[in-house]
Amino acid sequence: MIEFKTSQGGKARIDDDKLEALRCALRGSLLMPADDGYDISRTLWNGMVDRHPAAIVRAAGAGDVMQAVNFSRDNDLLLAVRGGGHNIAGKAACDGGLMLDLSAMKSVRVDPAAKRARVEPGALLSDFDRETQAFGLSTPTGINSTTGMSGLTLGGGFGWQSRKHGLTIDNLVAADVVLASGEFVQTNATQHPDLFWALRGGGGNFGVVTSFEYRLHPLGPQVLAGLVVYPLDQATQVFEGYRKFAAAASDDMTAWLVMRKAPPLPFLPVEVHGKEVVVVAFCWIGDLSKGEEVTKPLHGLGKPYGAHAGPMPFADWQTAFDPLLGPGARNYWKSHDFKAMTVDVERILCDAVAKLPDDECEVFIGHLGGATNRIGAADTAYPHRDAEFVVNVHTRWRKAADDKKCIAWARTLFDALAPHATSGVYVNFMSEDEAQRVATGAYGANFDRLSVLKAKYDPANLFSQNQNIAPKA
């Protein structure tokens with residue numbers, strides 16, 4: 001007999017025969033706390049999250065997902081669903097409930113003739129990049145190769161290709177989904193179109209996606225990308241030049257800013273390591289012969305400490321930030337969308353970065369616009385089609401004793417930026433304590449429609465372990 005937490009926070013005792021029947025029905029594994037692999041499955045990217053499910057279904061396919069969903073629903077169990085396990089809020093694991101671990105489902109199948117890819121929900125960006133780039137194809141994803149394709153997609157997804165080809169969801173053409181009822185459905189623009197709309201930005205609220213189908217675009221495999229590192233005391237001229245550059249940039253050009261203490265990058269002098277810097281990170285996905293001329297202004301925004309840039313395989317560029325974003329550290333994020341990087345925003349950011357609470361903390365400014373803004377706000381569940389920039393206050397540290405000061409720094413900076421931001425926030429950048437931002441911040445005018453669809457597809461809110469959309473009564 002195993003005690004589980006119910007969806008309403010109570011307790012349910014499941015006898016051994018029921019659990020054994022579930023185990024026998026699976027192609028994958030049913031893991032208990034004493035089993036090998038249990039700790040690996042429950043451990044997530046954010047080191048602040050340390051949850052212990054009563055049991056874990058490590059799925060091998062859609063059939064296992066259906067079994068786990070039916071078992072949870074029929075026994076009223078708290079259910080958490082893990083894809084890549086990278087989400088900042090750590091909702092992929094739960095204490096005392098049933099965890100559905102999809103991380104073993106990693107297949108990526110490319111159809112080069114049709115320019116399509118079928119991707120299972122446990123695949124990481126690295127899996128996707130290596131497979132698609134073998135054919136010189138890709139679709140917009142994120143910037144850290146250890147991110148999961150599933151969570152990235154369901155929240156929206158943006159990165160180096162988004163100004164040219166839109167968000168990840170703008171390139172999603174179909175999905176296979178297990179609903180709360182246990183039913184397996186296929187959805188696209190004509191099959192269950194309302195569900196397809198909701199999946200494109202609505203997070204994990206509407207079902208468990210067991211396969212994503214993406215539209216692919218020619219890319220690389222070589223792009224021109226790199227980093228230019230400037231002292232923080234040159235931030236004023238860097239920002240001034242960056243604003244002009246971003247405003248004039250073609251859709252083939254994406255340039256982000258990162259503000260932090262300089263890591264020990266091999267192209268930086270040793271005496272620069274640990275100093276506050278402004279880093280221009282850029283990627284040109286157009287004609288390589290034009291890339292050097294197009295990106296030249298980014299090397300002259302001030303007097304840089306150093307730079308490392310040139311043609312490189314796109315799949316390698318996707319791993320460039322991995323050493324700074326590995327699993328196990330304690331992480332807390334606060335984020336805003338912006339229509340412009342104003343002088344006031346610049347001043348607030350520079351003041352905060354001069355007082356970083358830990359060497360691993362950073363602020364990054366993601367460059368959007370372009371194709372991401374050419375789709376209507378009501379065309380997908382993701383509504384922020386006016387955002388030109390996303391600022392993510394990425395607080396990262398190692399010791400639990402530093403939690404209070406690091407979180408306080410992030411919240412103080414977030415509050416200072418608020419008057420200059422839109423009311424929007426990218427749902428994948430929301431920490432666990434931001435449930436109050438789901439309706440107005442994450443979804444805005446789309447929230448009512450989402451809550452109606454939640455009532456249609458998940459009326460009992462079985463899929464509650466996410467940035468939750470409650471079903472409309």
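Is His-192 buried, exposed or partly exposed? Keep that in mind as you open the model, which is a predicted one.

**Stop 1: the loop before α7**

Select His-192. You will find this residue in the loop between β11 (184-188) and α7. His-192 is partly exposed, because its relative accessible area is 33% and the partly exposed class runs between 20% and 50%. Now check the backbone. The phi of His-192 is positive, near 45°, and this residue is not a glycine. Most residues other than glycine have a negative phi.

**Stop 2: Leu-199 in helix α7**

Move along to Leu-199, which lies in helix α7. Leu-199 has a relative accessible area of 2%, so it is buried. Show its contacts, skipping residues up to four places away in sequence. Leu-199 touches Thr-153, Leu-154, Ala-175, Val-177, Thr-187, Phe-206 and Val-209. Next, draw a distance from Leu-199 to Asp-101. The two are 98 residues apart along the chain, and their C-alpha atoms are separated by 19 Å.

**Stop 3: the nonpolar cores**

Which two residues touch the most other members of the largest nonpolar core? Select Trp-160 and Trp-317: they do, in a core of 73 residues. Helix α7 (residues 193-199) gives the most to this core, with five residues.

Stay on Trp-317. Leaving aside neighbours within four places in sequence, Trp-317 is in contact with Trp-160, Ala-225, Gly-226, Leu-227, Phe-282, Cys-283 and Met-312. Apart from this core lies another one, of 45 residues. Tyr-230, Leu-232, Phe-338 and Val-363 are among its members.

**Stop 4: strand β20 and its partners**

Select residues 389-397. This is strand β20, and nine of its nine residues are buried, so the strand is largely enclosed by the rest of the structure. Turn on the side chains. In a regular strand the side chains alternate between the two faces of the sheet. Here, Phe-389, Val-391, Val-393, Thr-395 and Trp-397 point one way. Val-390, Asn-392, His-394 and Arg-396 point the other way.

Which strands pair with β20? One is β18 (residues 330-338), which runs antiparallel to β20 and is joined to it by nine bridges. Another is β19 (residues 362-367), also antiparallel, with six bridges. Zoom in on Phe-389. Its bridge partner in β18 is Phe-338. On the β19 side, His-367 stands opposite Phe-389.

**Stop 5: Ala-255**

From His-367, jump to Ala-255. These two residues are 112 apart in sequence, yet their C-alpha atoms are 6.1 Å apart in space. Ala-255 lies in strand β15 (residues 253-261). Its relative accessibility is 0%, so Ala-255 counts as buried. Beyond neighbours within four places in sequence, Ala-255 is in contact with Tyr-242, Phe-245, Ala-281, Phe-282, Leu-298 and His-367. You met Phe-282 earlier, as a contact of Trp-317.

**Stop 6: helix α3**

Select residues 62-74, helix α3. How far apart are its end C-alpha atoms? They are 18 Å apart, which agrees with the 18 Å expected for 13 residues at 1.5 Å a residue. Now colour the buried residues of α3: Asp-64, Val-65, Ala-68, Val-69, Phe-71 and Ser-72. They cover an arc of only 165° around the axis, so they sit on the same side of α3. An α-helix has 3.6 residues a turn, so residues three or four places apart point the same way. Step past the helix to Asp-76, which follows α3 and has a positive phi, near 55°.

**Stop 7: the first hairpin**

Go to strands β1 (residues 2-5) and β2 (residues 11-14). They run antiparallel and are joined by four bridges. Ile-2 stands opposite Ile-14 in β2. Five residues lie between the strands of this hairpin, where Gly-9 takes a positive phi near 90°.

**Stop 8: a cis bond, and Asn-461**

Select Gly-220 and Pro-221. A cis peptide bond joins them, with omega about 10°. Pro-221 is in the loop between β13 (217-218) and β14 (222-231). Most peptide bonds are trans.

Then find Asn-461, in the segment after α14 (447-457). Its phi is positive too, near 60°. Asn-461 is buried, because its relative accessible area of 17% is under the 20% cut-off.

**Last stop: the cysteines**

How many disulfides does the structure hold? It holds zero. Compare two cysteines. Cys-24 is exposed, with a relative accessible area of 60%, whereas Cys-94 is buried, at 2%.

Key:
Residues numbered from 1 in each chain as written. Predicted model: local features only at pLDDT ≥ 70, side-chain atom pairs only at ≥ 80, totals over all residues. Heavy atoms only, no water. Core = buried A, V, L, I, M, F, W, Y, C linked by side-chain atoms within 4.5 Å. Buried < 20%, exposed > 50% of the residue type's maximum accessible area, 1.4 Å probe, protein only. Helix = DSSP H or I, 4+ residues; strand = E, 2+ residues; numbered from the N terminus. Contact = heavy atoms within 4.5 Å. Expected span 1.5 Å × (residues − 1). Arc of directions from axis to C-beta. Pairing = 2+ DSSP bridges. Disulfide = S-S within 2.5 Å.
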